[in-house]
Amino acid sequence: MRTKLVTGYGCLEKIGEIVQSFGVSKAMLCTDSFLVTTPAAAAIQQKLKASGIECLVYTQLQPEPIDTDCDAGALFCREHGIELIVALGGGSVMDQSKAMAAIVTNGKSCRELDDTVIPRRMLPLICVPTTAGTGSEVTYVAVITNTEKKYKMTIMDADSLSPNVAVCDPALLTTLPKKLIASCGVDALTHAIEAYTAADGVKNPISDALALRAIEMIGQSLKQCWDSPTDQQAQSTMMLASTMAGAAFINADVGAVHAIAEVVGVTYHIPHGVANSLFLPYVMEFNRPGNDAYYARVAEQLGAARVGAGDEENGKRAIRFVEGLITQLEIPAFSDFAQVDPADFRDMAQRASKSAMSQDNRKEIHAEDYLSILQSAYQKKRLCQ
Ligand SMILES: NC(=O)c1ccc[n+]([C@@H]2O[C@H](COP(=O)([O-])OP(=O)(O)OC[C@H]3O[C@@H](n4cnc5c(N)ncnc54)[C@H](O)[C@@H]3O)[C@@H](O)[C@H]2O)c1
Ligand SMILES: [Fe+2]
């Protein structure tokens with residue numbers, strides 16, 4: 001992990017000295033139109049000012065960021081001589097900030113950064129996550145929608161796109177609505193499960209260590225965080241676990257859940273965490289036969305395994321646990337979205353099968369498999385009964 005990590009309740013206090021250590025005089029706070037009204041945004045501006053750093057504020061962005069906004073933001077940075085960006089927000093703000101910071105230093109458009117090595121390191125970037133989900137604060141990935149071709153670009157480069165510092169203050173989760181605690185939390189769980197069950201040659205002991213502990217921590221704290229959104233212990237555990245799950249998947253990869261969720265998300269405008277929740281149990285059940293030991297281990301980490309039961313039974317218990325958790329968190333089902341049309345499934349299955357993430361899935365997966373996963377999720381087919 002190339003990002004310096006600052007963690008702990010109240011650690012946002014250190015933001016002034018952190019930015020000062022980069023020796024810059026002009027920074028930009030990039031955040032969204034809600035978060036800019038919160039005490040955290042005011043505190044960042046005040047701390048930077050107190051450290052003698054000019055701080056402009058930029059809020060031209062939307063959830064699930066788009067390429068043209070990134071280009072516009074980069075132009076703003078260039079016109080104002082911005083030397084460093086502080087990103088305050090969820091994955092959307094952090095990803096747009098990464099893209100803007102890389103566009104500035106590379107002199108390319110957002111679309112030109114897709115699917116290529118990014119030659120120059122982005123502007124210094126400090127990420128301050130306000131959701132416990134994406135792990136974007138420690139990943140070198142920016143997921144940006146290509147508005148021309150209507151797909152999510154995964155812009156990535158380990159050298160050029162790793163944030164310099166992640167300031168992970170669980171206190172910022174206090175204002176997070178329950179439905180975002182739920183969907184972002186399942187995104188983090190998906191990162192950890194997909195990293196741990198990634199294809200051989202992709203996963204490794206380091207990604208396993210991070211993923212397994214993250215699964216355990218999310219199993220212990222996600223429901224608690226949702227039940228009691230101001231529980232500081234649960235908030236702290238979720239914040240750290242989502243960062244660890246991000247670190248796990250950049251050392252391995254995500255798989256078929258993300259491949260299909262990105263296609264479905266961009267087609268129907270379903271937020272990333274919700275889209276993952278729709279398919280996580282179904283992809284686990286697709287992968288499980290022949291791979292029971294991995295899913296039994298997931299069950300153990302989640303506290304769902306039964307002593308004495310074999311791997312097959314415990315693997316199924318992991319899937320039932322995840323299915324139950326998603327239901328308890330009141331995340332909508334696929335068929336609850338009125339815009340979903342089964343006539344689109346064949347095309348979406350094709351597109352998901354061509355995603356690079358499909359290559360790193362534990363089991364080889366084809367368009368036909370995605371089609372049946374889409375249909376099962378739509379019909380709310382019960383698993384592992
Ligand atoms: N770069 C990566 O490694 C990576 C990994 C996974 C997902 N993603 C991307 O991240 C994006 C999703 O990010 P997200 O799930 O964090 O949500 P988000 O950033 O899209 O935010 C969703 C909403 O939550 C609000 N919000 C955020 N924090 C809040 C808080 N503390 N209190 C109240 N409201 C708050 C925002 O204002 C916004 O309206 C997607 O575009 C996805 O593709 C990136
Ligand atoms: Fe994700």
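**Notebook: salt bridges, domain interface and ligand 1**

I counted salt bridges first and found 17 in the structure, taking as a salt bridge a side-chain nitrogen of Lys or Arg within 4 Å of a carboxyl oxygen of Asp or Glu. I note that this is a predicted model, in which local features need pLDDT of at least 70, side-chain atom pairs count only at pLDDT 80 or more, and totals for chains, interfaces and linings use all residues. Residues are numbered from 1 along each chain as its sequence is written, chains are lettered from A and ligands numbered from 1 in the order in which they are written, and side-chain values use heavy atoms, with hydrogens and water left out.

**Entry 1: one salt bridge**

I looked up the pair Arg362 and Asp200, whose closest N and O atoms are 2.7 Å apart. The two residues are 162 apart in the chain: Arg362 sits in the loop between helix 13 (356-359) and helix 14 (367-378), and Asp200 in the loop between helix 5 (178-196) and helix 6 (205-227). Helices (H or I, at least four residues) and strands (E, at least two) are DSSP runs, numbered from the N terminus.

**Entry 2: the two domains**

I took the domain bounds from an automatic or database assignment; they are 4-172 for domain 1 and 178-378 for domain 2. I find their C-alpha centres 26 Å apart. In contact (heavy atoms within 4.5 Å) are 23 residues of domain 1 and 22 residues of domain 2.

I then read the buried area, the accessible area (1.4 Å probe) that two parts lose on being put together, summed over both. Domain 1 and domain 2 bury about 1800 Å² between them, with 64% of it on carbon and sulfur atoms. I found zero salt bridges across this interface. I did find five residue pairs in polar contact, both residues at pLDDT 80 or more; a polar contact is a pair of N or O atoms within 3.5 Å, and within protein one must be able to donate a hydrogen and the other to accept it, while residues adjacent in sequence count only if both atoms are side-chain atoms.

On the side of domain 1 that touches domain 2, strand 1 (4-7), strand 6 (141-146) and strand 7 (151-156) each give two or more residues. Strand 7 gives the most, with three residues.

**Entry 3: ligand 1**

I counted 29 residues around ligand 1, the closest being Asp32, Ser92, Thr130, Thr139 and Thr175; a residue is included if one of its heavy atoms lies within 4 Å. A polar side-chain atom of Asp32 is 2.6 Å from an oxygen atom of ligand 1. For Asp95, a polar side-chain atom lies 2.8 Å from a nitrogen atom of ligand 1. I also noted Lys152, with a side-chain N or O atom 3.1 Å from an oxygen atom of ligand 1.
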